[in-house]
There are 2 protein chains.
Amino acid sequence: MQNFIYYAPTKVYFGKDTHKNVGEIIKGYGFGKIMMQYGKSSIKRSGLYDDVIKSLKDSGIEVVEMGGVEPNPKLEFIREAVRIAKEESVEMILAVGGGSVIDSSKFTAAGAVSNCDVWDFPTRKREVKEALPVGTILTISAAGSEMSANAVMTNMEENMKRGYGCDSFRCLFSILNPELTYSVSKYQTACGIVDIMAHTMERYFTPVEPTPITDGIAESILRTVIESGRVLMDKPDDYDARANIMWASSLSHNNLTSCGRENFLAVHQLEHALSGEYDQVAHGAGLAVLYPAWARYIYRLNIPRFAQFARNVWGVERKDDESAAIEGIERMEKFFEFIEMPSRISDFGLGEVSAERLADLCTYGRKRTVRSFEELDYDIIKEIFESCL
Amino acid sequence: MQNFIYYAPTKVYFGKDTHKNVGEIIKGYGFGKIMMQYGKSSIKRSGLYDDVIKSLKDSGIEVVEMGGVEPNPKLEFIREAVRIAKEESVEMILAVGGGSVIDSSKFTAAGAVSNCDVWDFPTRKREVKEALPVGTILTISAAGSEMSANAVMTNMEENMKRGYGCDSFRCLFSILNPELTYSVSKYQTACGIVDIMAHTMERYFTPVEPTPITDGIAESILRTVIESGRVLMDKPDDYDARANIMWASSLSHNNLTSCGRENFLAVHQLEHALSGEYDQVAHGAGLAVLYPAWARYIYRLNIPRFAQFARNVWGVERKDDESAAIEGIERMEKFFEFIEMPSRISDFGLGEVSAERLADLCTYGRKRTVRSFEELDYDIIKEIFESCL
């Protein structure tokens with residue numbers, strides 16, 4: 001087991017109707033004026049907007065609204081939010097939405113108490129030393145931003161998506177009501193499932209032994225997500241399945257699943273090249289294509305680990321490690337098919353896609369390698385992309 | 001899955017040599033003057049005291065020492081610590097030791113910012129609304145106080161041991177170096193193992209279904225503690241085994257293992273009657289006697305749950321649920337024997353022990369029942385005590 005720091009201070013309010021207490025919760029922290037960020041009109045259609053506003057008003061909380069956060073939140077929007085947050089002297093940011101709304105809120109929270117441009121943070125010109133508190137009401141289980149230390153944003157002018165992570169990006173509280181995810185489409189639900197699984201697997205497939213508690217937690221999360229994912233394909237309003245996936249979303253990315261291990265996020269780096277280049281590729285769907293492709297290349301370097309994954313996550317019973325490992329990867333592919341995810345890049349209908357171009361993007365023009373069981377260089381990454389074109 | 005609140009904000013610094021950074025860590029929070037509590041002379045013999053003092057001095061931290069915390073920390077000591085903490089205007093409390101030192105520090109931290117007597121807290125005359133921050137350097141894996149919201153203390157005048165729990169009792173940080181537990185005796189190690197298992201099982205054996213992630217986490221903790229416990233009986237300085245047990249100690253009692261479930265702590269309540277009456281009974285050893293006795297009485301009320309426990313924790317392969325459940329309890333008993341814990345109350349050599357007297361203490365003179373799969377009343381509790389006299 002490696003030395004580690006574990007810090008997940010977010011207070012989680014989990015369960016039915018919990019979002020209706022948001023006003024009381026915020027009042028309990030002593031805040032009187034907040035900024036509320038949200039995305040498009042879906043929270044208005046669902047009635048969530050009305051519930052939240054009512055609860056805030058009932059508790060006497062003054063609200064500055066910033067609706068319209070887009071997927072892969074945009075720098076321009078965040079700059080405007082920072083300006084208004086300063087002008088209005090809001091005391092915290094409430095994010096009502098998914099990962100993009102939360103990430104936008106985190107950067108806004110950091111910008112609101114600094115004098116630099118918010119783009120300075122992800123470009124590492126400045127460090128985030130403090131930020132306003134951020135609370136969330138989560139509406140989609142996927143990114144894990146509700147408990148993680150991370151956020152991403154996009155600079156459209158420079159066509160760059162960049163991330164940042166720090167303790168100040170840990171949310172003060174997160175309200176997780178599984179019922180709010182009933183209306184998430186089958187496709188987005190499946191994308192979220194793959195993202196959650198990838199957050200867990202990226203920390204699982206690293207060369208540190210033994211970490212039995214962390215392994216057991218990861219395997220439990222994966223088994224549960226798979227089982228609940230199967231249920232949700234037919235019954236999108238199954239409370240327990242939605243609840244399992246939502247709790248898995250938070251635990252998969254709050255670092256509980258990497259205690260004592262390394263955390264490579266290798267396949268995420270491959271996928272960022274794909275969805276960075278092709279806006280129509282959803283992150284989770286990209287991961288569904290690339291995870292098996294990466295696994296088929298890499299498993300040879302740690303067959304016992306992939307065999308453990310096959311047996312403890314997928315229930316593979318083969319005695320021979322290598323054939324167990326391969327069957328585990330096959331079952332993962334079949335599960336991704338079952339939840340109607342693409343299995344090849346061609347499934348996205350992007351026309352001619354160049355593995356060379358993707359490998360070039362992923363390695364910043366052959367300037368870096370990607371850390372995995374071995375360093376993945378341009379040639380290896382190209383080979384992985386080629387294998388799933 | 002039930003609604004739940006999860007809040008475990010303690011920052012954990014886990015691993016080798018981490019205690020040598022305590023000065024830097026405290027300085028990072030901006031504290032200049034602290035109170036350091038510890039127990040008897042063992043931390044001086046081991047060299048830990050010198051390491052800690054050196055680190056604090058090197059970082060320019062002023063230290064007010066309060067050595068001499070006793071097991072089941074005493075009200076008189078805590079009152080004196082509160083007086084000195086106020087007089088010296090210390091900004092935080094550093095607990096170097098096990099559960100008793102941490103609990104003493106938590107009550108001191110609450111007392112130092114209030115005007116009432118600290119005994120008012122556990123007797124529910126006053127609420128803990130705030131407390132100084134508490135940091136820990138843990139030296140024994142058992143009580144879980146390093147991440148829990150709880151603390152206990154003893155009033156010798158009134159012969160009462162009482163507990164209290166609140167968010168302010170969550171430690172600011174906990175330094176967990178498994179090497180510091182190498183010198184813990186075989187007996188104390190075993191007592192700690194039983195305590196950790198009990199913290200997990202008390203949350204596992206409650207009538208809420210389904211909570212598959214929480215179950216998987218609990219089962220993983222239990223399997224790991226059992227396996228590592230076996231190793232430690234022969235190799236007290238096995239780093240990974242000590243590390244597993246230490247991380248299990250923290251996760252078993254920080255409420256991660258009760259997310260979505262109820263949390264009865266039924267057997268703890270039986271045990272408090274036993275070790276409350278007989279000072280020579282160690283808490284963990286008392287639990288080792290009472291857990292199987294309770295389980296043999298209660299398993300009939302939820303045979304599938306006990307069968308799941310048998311299969312997923314102990315590897316029992318029987319197909320029939322009831323015989324699997326019974327074999328699981330038998331394996332637990334055998335494991336407690338293997339780690340040289342007592343199996344009957346008579347093993348403590350207490351002379352004549354009255355089951356009536358213990359049941360009377362446990363029910364506060366038949367004034368309360370103990371919540372479990374059914375309400376345990378005086379008669380049932382007496383029967384459980386009788387079964388393991």
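The first thing to look at in this predicted model is an open sheet of twelve strands that takes in both chains, in the order 3(A)-2(A)-4(A)-5(A)-8(A)-1(A)-1(B)-8(B)-5(B)-4(B)-2(B)-3(B), with mixed pairing. At its edges sit strand 3 (62-66) of chain A and strand 3 (62-66) of chain B, each of which pairs on one side only. From one strand to the next, the twist averages 25°. Helix 5 (residues 99-111) of chain B packs on this sheet and touches strand 2 (33-38), strand 4 (92-97) and strand 5 (134-138) of chain B. Its direction makes about 170° with that of strand 4 of chain B.

**Where the chains meet**

Which strands carry the sheet from chain A to chain B? Strand 1 of chain A and strand 1 (residues 4-14) of chain B do that job, running antiparallel and joined by seven bridges. One pair to click on is A:Ile5, which stands opposite B:Tyr13. Strand 1 (residues 4-14) of chain A also has strand 8 (residues 173-176) of chain A as a partner, in parallel and through four bridges. There, A:Phe14 has A:Leu176 as its bridge partner. As background, strands of a sheet pair through backbone hydrogen bonds, either parallel or antiparallel.

The contact between the chains takes 33 residues from chain A and 32 residues from chain B. On the chain A side, strand 1, helix 7 (212-234) and helix 8 (239-252) each supply at least two residues. Strand 1 of chain A gives the largest share, ten residues. Sorted by class, that side of chain A has 20 nonpolar, eight polar and five charged residues.

**Chain A as a whole**

Chain A has 14 helices and ten strands. Its C-alpha trace spans about 65 × 45 × 45 Å along the principal axes. The radius of gyration of chain A is 21 Å, which agrees with the value near 21 Å that a compact globule of 389 residues would have. Of those 389 residues, 53% count as buried. If you like contact maps, take the contacts in chain A with a separation of 6 or more: 77% of them come from residues 24 or more positions apart.

The chain splits into domain 1 (11-180) and domain 2 (185-387). Their C-alpha centres lie 27 Å apart. The contact between them takes 14 residues from domain 1 of chain A and 20 residues from domain 2 of chain A. On the domain 1 side there are eight nonpolar, three polar and three charged residues.

**Backbone oddities**

Most residues other than glycine have a negative phi, and most peptide bonds are trans. Here are some spots to check against that.

| Residue or bond | Backbone value |
|---|---|
| A:Asn72 | positive phi near 50° |
| A:Ser89 | positive phi near 50° |
| A:Asn159 | positive phi of about 50° |
| B:Asn159 | positive phi near 50° |
| A:Glu209 and A:Pro210 | cis, omega about -15° |
| B:Glu209 and B:Pro210 | cis, omega about -15° |

A:Asn159 is in the turn of a hairpin formed by strand 6 and strand 7 of chain A, with four residues between them. Strand 6 (residues 150-155) and strand 7 (residues 160-165) of chain A pair in the antiparallel sense over six bridges. In that ladder, A:Asn150 is matched with A:Gly165. Chain B has its own hairpin of strand 6 and strand 7, with four residues between the strands. Six bridges join those antiparallel strands of chain B, and B:Val152 stands opposite B:Gly163.

As for the cis bonds, A:Pro210 is placed in the loop between helix 6 (186-204) and helix 7 of chain A. B:Pro210 is found in the loop between helix 6 (186-204) and helix 7 (212-234) of chain B.

**Two loops around helix 4**

A:Asn72 lies in the loop between strand 3 and helix 4 of chain A. With 18 other C-beta atoms within 10 Å, A:Asn72 is partly exposed.

The loop between helix 4 and strand 4 of chain A holds A:Ser89. Is A:Ser89 buried or exposed? It has 9 other C-beta atoms within 10 Å, so A:Ser89 is exposed. A:Glu91 is found in the loop between helix 4 (75-88) and strand 4 (92-97) of chain A, and A:Glu91 is partly exposed because 19 other C-beta atoms lie within 10 Å, while the cut-off for buried is 20 or more. Beyond its neighbours within four places in sequence, A:Glu91 is in contact with A:Phe31, A:Gly32, A:Lys33, A:Ile34 and A:Leu132.

Key:
Residues numbered from 1 in each chain as written. Chains lettered and ligands numbered in written order. Predicted model: local features only at pLDDT ≥ 70, side-chain atom pairs only at ≥ 80, totals over all residues. Pairing = 2+ DSSP bridges. Axes fitted to C-alpha atoms, helices over the stretch in contact; angles between N-to-C directions. Contact = placed C-beta atoms within 7 Å. Domains from an automatic or database assignment. Nonpolar A, V, L, I, M, F, W, Y, C, P; charged D, E, K, R; others polar. Rg over C-alpha atoms; globule rule 2.2 N^0.38 Å. Buried ≥ 20, exposed ≤ 12 C-beta atoms within 10 Å, placed from the backbone.
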